[in-house]
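Subject: Structure handover

Hi there,

Here is the structure I promised to pass on to you. Have a look at it first, and then read on for what turned up around the ligand and among the helices.

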Amino acid sequence: MKAIFINGSPRKNKNTAQMLESAMNGAQEAGAEVEMIHLQNLNFKGCVSCFACKRKGNTCSGLCIQKDDLRPVLERILQADVLVVGSPIYWSYPTGMFRNLIERLLFPILRYDKGEKPNTASKYIDKQLKCGLIYTMNNTPERYKLVHYDTILEPDRQYMEMMFGHCEVVNAFNTWQFPDYSKFDTSAVDVAEKQRFRDNQWPQDLQKAYELGKRLVEMAKEK
Ligand SMILES: Cc1cc2nc3c(=O)[nH]c(=O)nc-3n(C[C@H](O)[C@H](O)[C@H](O)COP(=O)(O)O)c2cc1C
């Protein structure tokens, strides 16, 4: 049982990384062999639209043909049982690194020819992978709804589910951005209120991530 955790934040030990580590602990507790990958350490780009993966008779087998630091990661994902990808929200969307990964992971799996069943994506591989997406953001749960992040983020969950069979989301809101707010120009932030939110919420968010990791491995064992 292999579980891969991918950090789409440039920061390797802050909110997103900590949520992923907690999910990784849960996966380990459920008996998985775990691996954390920080996209920030890799030199890679998004899809270049070469369409090698769509050519007649191609031998890509769902794997992007571009040879760079991401390719071995994509290979390992396609051999894994559980995948959890985390990203901070930047300007209402996951990071560019996250986007590049999603393009390169999902597009080579999608076929352009007609599938056997109507309304289902035709795919180059029949890979079942229990997936999770973890998002961390500055916005509060109330603002998340107000600015429609749920709608903005839903397509990625759906694409992951369409390709791999299962995908669920865990969010962490109103995250702690700096270790010491007094050192930054943050007069518009009610730091005391933010601290209260964090003290109460952050342990619960880490627990949700832990449970996600554990649950996904347990689901993968059942299949
Ligand atoms: C460039 C940039 C843009 C951001 N844009 C948003 C945003 O649109 N909405 C939001 O809720 N938080 C936004 N944030 C805050 C981050 O999403 C939040 O602090 C996140 O938890 C950081 O994750 P990390 O600690 O793993 O780096 C932004 C942060 C940065 C650096």
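**Helix packing**

The crossing of α2 and α3 is right-handed. Please keep in mind that this is a predicted model. The axes of these two helices, α2 (residues 70-79) and α3, come within 11 Å and cross at roughly 60°. That angle makes α2 oblique to α3.

Helix α3 also has a second partner to look at. Here α3 (residues 96-106) and α5 (residues 149-164) have axes that come within 11 Å, with a crossing angle of roughly 25°. Angles under 35 degrees count as roughly parallel, so α3 and α5 are roughly parallel to each other. In this case α3 passes α5 in a left-handed crossing.

The remaining pair is α1 with α6 (residues 191-222), whose axes come within 6 Å and cross at roughly 45°. The two helices, α1 and α6, are therefore oblique to each other. As for handedness, α1 passes α6 in a right-handed crossing.

**Around the ligand**

Now for the part you may want to open in your viewer. How many residues surround the ligand? There are 17, and the closest are T16, I89, T136, Y149 and T175. By type, the shell divides into six nonpolar residues, nine polar ones and two charged ones.

Three contacts to oxygen atoms of the ligand are worth finding on screen:

- S9: an N or O atom of the side chain is 2.9 Å from an oxygen atom of the ligand.
- N15: an N or O atom of the side chain is 2.8 Å from an oxygen atom of the ligand.
- I89: here a backbone N or O atom lies 2.6 Å from an oxygen atom of the ligand.

On its own, the ligand has 640 Å² of accessible area, and the protein covers 81% of that. Which elements give two or more residues to the shell around the ligand? They are α1 (15-29) and β3 (82-90). The largest share, three residues, comes from β3.

So α1 turns up in both parts of this note: it contributes to the shell around the ligand, and its axis comes within 6 Å of that of α6. Likewise, I89 is among the closest residues to the ligand and has the backbone contact listed above.

Happy to talk it through whenever suits you.

Best wishes

How values were computed
Residues are numbered from 1 along each chain as its sequence is written. This is a predicted model: local features need pLDDT of at least 70, side-chain atom pairs count only at pLDDT 80 or more; totals for chains, interfaces and linings use all residues. Side-chain values use heavy atoms; hydrogens and water are left out. A residue is near a molecule or strand if one of its heavy atoms lies within 4 Å of it. A polar contact is a pair of N or O atoms within 3.5 Å; within protein, one must be able to donate a hydrogen and the other to accept it, and residues adjacent in sequence count only if both atoms are side-chain atoms. Accessible areas come from the Shrake-Rupley method with a 1.4 Å probe; for residues, only the protein chains shown count as cover. Helices (H or I, at least four residues) and strands (E, at least two) are DSSP runs, numbered from the N terminus. Ala, Val, Leu, Ile, Met, Phe, Trp, Tyr, Cys and Pro count as nonpolar, Asp, Glu, Lys and Arg as charged, and the others, Gly among them, as polar. Axes are lines fitted to C-alpha atoms, for helices over the stretch in contact, and angles run from 0 to 180 degrees between N-to-C directions. Angles under 35 degrees count as roughly parallel, over 145 as roughly antiparallel, 65 to 115 as roughly perpendicular and the rest as oblique. A crossing is left-handed if the near helix is turned anticlockwise from the far one by less than a right angle, and right-handed if clockwise.
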